[in-house]
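Please work through the following exercises with the sequence and the model side by side. Each one sets a task and then gives a solution in steps.

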Amino acid sequence: MQGINFIFIRMLPKVDPTKTQSWQKLSQHYQTWENLHLRRLFEEDPQRFERFKSAAAGWQVDLSKNLMTTETQELLLALARECQLPEAMEAQRKGDPINETEQRAVLHTALRDRSNKARVEGQEVRPAVKEVLEQMHDFSDLLISGNWKGYSGKTIKNVVNIGIGGSDLGPAMVYEALKPYRNHLHCYFVSNVDGQHLQDTLQGLPPEQTLFIIASKTFTTQETMTNAHSARAWFLRHSDAKETDVAKHFVAVSTNEEKVKEFGINPSNMFGFWDWVGGRYSVWSAIGLSLCCGLGFKNFEKLLRGAEAMDHHFYEAELEENVPVQLALLGIWYVNFWGARSEAMVPYNQHLHRLAAYFQQGNMESNGKRINRAGTPVSYATGPVVWGEPGTNGQHAFFQLLHQGTPFIPVDFIGTAFSAQETGDHQAKLLANLLAQSEALMRGKTPEEAAAELQEEGYSPALVDHLAPHKAFPGNRPSTTLLTDKLSPERLGSLLALYEHKIFVQGIIWNIYSFDQWGVELGKQLAKPLLSELQGKALHDHDSSTAGLLQMLRQWRADS
């Protein structure tokens with residue numbers, strides 16, 4: 001967005017959810033849960049699983065262990081309609097500028113849509129998307145086949161992606177998740193401006209067989225360009241290459257041709273994307289170039305197809321059967337009525353170990369907002385903290401808190417029927433733990449059950465009385481289980497799209513803008529003068545804490 005003068009076009013509804021009839025009814029309905037327990041609901045309704053299971057784009061989703069009845073579900077759906085969710089979904093799909101504070105469309109879905117329906121300002125976007133995809137295909141094929149040569153005539157063996165935020169988290173997560181689909185190229189990801197991240201990555205890599213992808217839309221992002229210039233210096237210092245050879249070892253994902261050329265990159269090796277692609281939703285764009293190189297373009301295309309399948313489900317399924325909508329509404333129910341301030345993502349698949357980190361940005365940067373679409377502070381909670389680790393590691397770390405702690409934390413369990421590489425009975429044990437944890441969170445263990453177990457183990461009555469309260473836990477802790485056959489590119493694509501749509505739905509109902517991120521700007525602004533001060537320039541006015549820390553660091557660095 002150039003400058004600050006633009007015509008402000010309002011596209012999204014401005015509905016305060018707390019003023020709707022459904023919100024008031026949900027508040028009353030919540031009171032009825034004082035005497036309800038999931039264990040009892042399962043006992044009273046043998047068909048509860050069948051009643052609350054769903055499916056979409058290859059994923060089976062069990063909602064039955066959530067704190068809801070059919071009445072809960074109906075009230076949440078009514079809330080979605082009162083907040084004009086269907087209208088907002090259509091506005092997003094057709095390319096209206098729903099990112100209103102920046103006057104941009106939100107069309108990451110168009111990156112995986114082959115229907116040619118998406119438009120921005122009346123123009124079809126698919127032809128431009130297709131052109132970039134073809135460029136990515138051609139480039140990655142050259143690299144994989146060995147027909148792209150470095151300055152010395154040797155083939156490329158290593159690809160280093162330098163980016164930050166969505167330009168790093170998405171590709172790095174997908175590359176880890178799809179480890180079984182990797183080819184002979186080795187991909188690395190550098191994001192942190194901490195120089196150790198770059199140095200540790202480059203250690204031992206041969207410059208003549210290493211290619212760098214610099215991923216920055218503006219080619220001015222401080223962290224990314226600091227790493228990029230250091231990588232360039234490393235390449236020239238550790239080889240006998242000339243300045244002109246930079247073009248054989250560096251390519252750019254950017255829209256700033258002038259800066260790209262200044263760096264020494266051939267503009268023909270600049271891969272573009274558009275302002276209607278937000279950073280945290282950009283893995284589907286040229287930001288995924290490293291994935292095309294490390295996994296092959298066909299697997300990247302399958303990732304897109306999986307996401308497209310979930311998009312069709314999201315836009316076409318009725319709200320009652322719409323899995324992203326169902327998950328989003330349950331999140332609203334827990335955050336705004338049960339007081340949940342966080343939610344855990346626990347994938348029972350080691351290759352998904354970066355999934356929670358990826359959606360920390362996706363969710364918290366999108367819905368971590370306190371101002372509504374009317375420009376006034378909200379009076380209710382919005383985006384929760386998202387966190388998690390793979391099972392079974394999490395069971396030996398934070399599950400104690402989930403089962404017996406005081407915070408109320410809903411959990412998403414994510415599992416696959418098959419491992420990418422079956423090893424003995426490992427997968428069966430992994431899945432048994434997934435099922436056991438979701439059942440334990442739901443059932444709990446009563447003091448009477450705990451006492452009976454202790455009695456059977458031969459404890460004295462006094463010890464039984466003493467230990468039983470510690471061994472009991474309440475249960476009635478909600479969880480959702482998402483299962484698929486295996487973690488293929490298609491299934492990963494549909495899973496990621498599912499959570500993207502969940503985030504969008506929650507932003508609509510919370511009446512906030514999910515696709516800007518002004519909250520990260522202040523720190524960037526303050527870092528600029530502090531950088532010059534750390535390097536010895538005159539000090540500006542700071543609070544006593546910042547000034548004291550700054551002086552301490554200056555002294556240490558001056559004494560070294």
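## Exercise 1: The overall fold

Task: Describe how far the protein is buried, which elements it has and how its chain is packed, keeping in mind that this is a predicted model.

Solution. Begin with accessibility: of the 560 residues of the protein, 53% count as buried. Next, take the secondary structure, in which 21 helices and 13 strands are found. The radius of gyration is 26 Å, close to the 24 Å that the globule rule gives for 560 residues, so the protein is as compact as a globular protein of that length. Along the principal axes, the C-alpha trace spans about 80 × 60 × 55 Å. Finally, turn to the contacts between residues at least 6 apart in sequence, 75% of which join residues at least 24 apart.

## Exercise 2: The nonpolar cores

Task: Find which residues of the largest nonpolar core touch the most other members, and list what Trp-333 is in contact with beyond its neighbours within four places in sequence.

Solution. The largest nonpolar core holds 123 residues, and those that touch the most other members are Met-136, Val-174, Trp-276 and Trp-333. Helix H19 (residues 489–509) gives the largest share of this core, namely 11 residues. Now follow Trp-333, which, leaving aside its neighbours within four places in sequence, is in contact with Leu-26, His-29, Tyr-30, Trp-33, Leu-67, Thr-72, Leu-76 and Trp-338. Apart from the largest core lies another one, of 23 residues, and Val-160, Ala-228, Trp-234 and Ala-252 are among them.

## Exercise 3: Two single residues

Task: Decide whether Lys-65 is buried or exposed, and place Leu-401 within its element and among its contacts.

Solution. Start with Lys-65, whose place is in the loop between strand S2 (59–62) and helix H4 (70–82). Because its relative accessibility is 15%, Lys-65 counts as buried, the cut-off being under 20%. Not counting residues up to four places away in sequence, Lys-65 touches Leu-38, Phe-42, Ser-438, Glu-439, Met-442, Arg-477, Pro-478 and Ser-479.

Leu-401, for its part, lies in helix H15 (residues 399–404). Because its relative accessibility is 36%, Leu-401 counts as partly exposed. With residues up to four places away in sequence again left out, Leu-401 touches Pro-407, Ile-409 and Arg-477. A distance completes the picture: the C-alpha atoms of Leu-401 and Ala-228, 173 residues apart along the chain, are separated by 42 Å.

## Exercise 4: The enclosed spaces

Task: State how many cavities of 30 Å³ or more a search of the whole structure finds, and describe the lining of the largest cavity and of the second largest cavity.

Solution. The search of the whole structure finds five cavities of 30 Å³ or more. The largest cavity has a volume of about 130 Å³, and 14 residues line it, of which Tyr-334, Glu-343, Pro-410, Asp-412 and Lys-502 lie nearest its centre. Two or more residues of this lining are given by each of helix H13 (323–336), strand S10 (342–348), strand S12 (411–416) and strand S13 (479–484), with the largest share, four residues, coming from H13. Sorted by class, the lining of the largest cavity has seven nonpolar, four polar and three charged residues.

The second largest cavity contains about 70 Å³ of space. Its lining is made by Leu-63, Met-68, Gln-73, Leu-76, Leu-77, Leu-319, Glu-320, Gln-326, Leu-329 and Leu-330, and H4 and H13 each supply at least two of these residues. By class, the lining of the second largest cavity divides into seven nonpolar, two polar and one charged.

## Exercise 5: The open pockets

Task: Describe the largest pocket and the second largest pocket by volume, by lining and by residue class.

Solution. The largest pocket has a volume of about 1,600 Å³. Of the 45 residues that line the largest pocket, Thr-218, Thr-221, Gln-517, Glu-521 and Lys-524 lie nearest its centre. The elements that give two or more residues to this lining are helix H7 (166–177), helix H9 (222–237), helix H14 (355–367) and helix H20 (521–534), and the largest share, five residues, comes from H20. By class, the lining of the largest pocket has 15 nonpolar, 20 polar and 10 charged residues.

The second largest pocket has a volume of about 460 Å³ and is lined by 21 residues, of which Asn-349, Gln-350, Ser-419, Gln-427 and Leu-430 lie nearest its centre. Helix H16 (residues 426–443) provides the largest share of that lining, three residues. By class, the lining of the second largest pocket has eight nonpolar, 11 polar and two charged residues.

Note on methods: Residues numbered from 1 in each chain as written. Predicted model: local features only at pLDDT ≥ 70, side-chain atom pairs only at ≥ 80, totals over all residues. Heavy atoms only, no water. Buried < 20%, exposed > 50% of the residue type's maximum accessible area, 1.4 Å probe, protein only. Contact = heavy atoms within 4.5 Å. 1 Å grid on protein atoms, 1.4 Å probe; cavity = no way out; pocket = protein on both sides within 12 Å on 5 of 7 lines; lining within 4 Å. Points joined across faces, edges and corners; volume = space filled by probe spheres on them. Nonpolar A, V, L, I, M, F, W, Y, C, P; charged D, E, K, R; others polar. Core = buried A, V, L, I, M, F, W, Y, C linked by side-chain atoms within 4.5 Å. Rg over C-alpha atoms; globule rule 2.2 N^0.38 Å.
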